[in-house]
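Visitor: I am new to this structure, and I would like a close look at one part of it. Please choose a single element, take me through it with care, and then set it in its surroundings.

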Amino acid sequence: MTESVDMAALLALAKTVSYDALPIGEYDMEIMKADATTSGGGKKMIKARLRVVHGPHENRKVWNNFTLSPESPDAVSIWFRHMAVFGLPGDWLASLGTLNDLTPVAAALVDRRARVPLGHRVWNGQTRNNVERTVPYTDAPLVPAGQRAPLLPPLRPLLPRPAPPRPPPPRGA
């Protein structure tokens, strides 16, 4: 038996999802899903789906590929920096030995967080988010785009200032 489909209800549901690029800025994100795969150029790669963890864009998703390019020391360094930011240090990665694919690395990335500065790029005629870099996650609040961080209050001395020295007693008194 085939279920009927309410196309108007499905269209309303589809309109609740946005694939528009998020505004340029920094977002605290968590990796929801990570799959080890191979790029079109034959390089080992992790396809990651990240979600914004709080703020006005909470639960919006961004996709990023972490591609391992062994022929480029710069690219390898960037790949290891990304992994370290997500809590997978180089020593741990090295302890995995020789891998045929990046499945254990992809599995270890799931549920890990980072602060992610996003930019924009055009792909197939559409504006998409671009992960500019990754920064270690902290619980410090983000400063909304276009605003400056609040100034810190001036430091107060830890100890009270000493009283000015007393003048010496008059001579002959």
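**A close look at helix 2**

Guide: Helix 2 covers residues 73–85, and because each residue should add 1.5 Å, its 13 residues should span 18 Å, which agrees with the 18 Å that separate its end C-alpha atoms. The model in front of you is predicted, so this agreement is one within a predicted model.

The two sides of this helix can be taken in turn. Trp79, His82, Met83 and Val85 are the buried residues to look for in helix 2. Because they cover an arc of only 165° around the axis, these residues lie on the same side of helix 2. On the face turned away from that buried side, helix 2 carries Pro73, Asp74 and Arg81, which are exposed.

The buried residues of helix 2 have several packing partners: strand 2 (44–52), strand 3 (61–67) and strand 4 (113–123), together with strand 6 (135–136), and also helix 3 (90–95) and helix 4 (103–109). After the helix comes Gly87, a residue whose phi is positive, near 90°.

To place this helix in the whole, it helps to know that the protein has 4 helices and 6 strands, and that from the N terminus on these elements run α-β-β-β-α-α-α-β-β-β. Of the 173 residues of the protein, 24% count as buried. Among the contacts with a separation of 6 or more, 49% are accounted for by residues 24 or more positions apart.

Strand 4, one of the partners of the buried side of helix 2, also leads to a charged pair, for the side chains of Asp28 and Arg115 meet in a salt bridge at 2.7 Å, N to O. Since Asp28 lies in strand 1 and Arg115 in strand 4, the pair ties together parts that are 87 residues apart in sequence. Asp28 counts as buried because its relative accessibility is 2%, and Arg115 likewise counts as buried, at 9% relative accessibility.

Another salt bridge joins the side chains of Glu26 and Arg133, with 4.0 Å from N to O. This pair also links distant parts of the chain, since Glu26 is in strand 1 (residues 25–38) while Arg133 is in the loop between strand 5 (126–131) and strand 6, 107 residues apart. Here Glu26 counts as partly exposed because its relative accessibility is 38%, and Arg133 counts as partly exposed at 44%.

The side chains of Asp35 and Lys33 meet in a salt bridge as well, at 3.8 Å from N to O, with Asp35 partly exposed at 35% relative accessibility and Lys33 partly exposed at 39%. Glu30, Arg51 and Arg113, in turn, are linked in a network of salt bridges, and the count for the protein comes to 6 salt bridges.

Finally, the surface deserves a glance: the accessible surface of the protein comes to about 12,900 Å², and 57% of it belongs to carbon and sulfur atoms. One nonpolar patch on the surface is formed by Val5, Met7, Leu10 and Leu13, which together have about 410 Å² of accessible area. Within this patch, Val5 lies in the segment before helix 1 (7–14), and Val5 counts as exposed because its relative accessibility is 53%.

Methods. Residues numbered from 1 in each chain as written. Predicted model: local features only at pLDDT ≥ 70, side-chain atom pairs only at ≥ 80, totals over all residues. Heavy atoms only, no water. Patch = residues over 30% accessible without salt bridge, like charges linked within 9 Å, V, L, I, M, F, W, Y side chains within 5 Å. Areas by Shrake-Rupley, 256 points an atom, 1.4 Å probe, with all protein chains shown as cover. Helix = DSSP H or I, 4+ residues; strand = E, 2+ residues; numbered from the N terminus. Buried < 20%, exposed > 50% of the residue type's maximum accessible area, 1.4 Å probe, protein only. Expected span 1.5 Å × (residues − 1). Arc of directions from axis to C-beta. Contact = heavy atoms within 4.5 Å.
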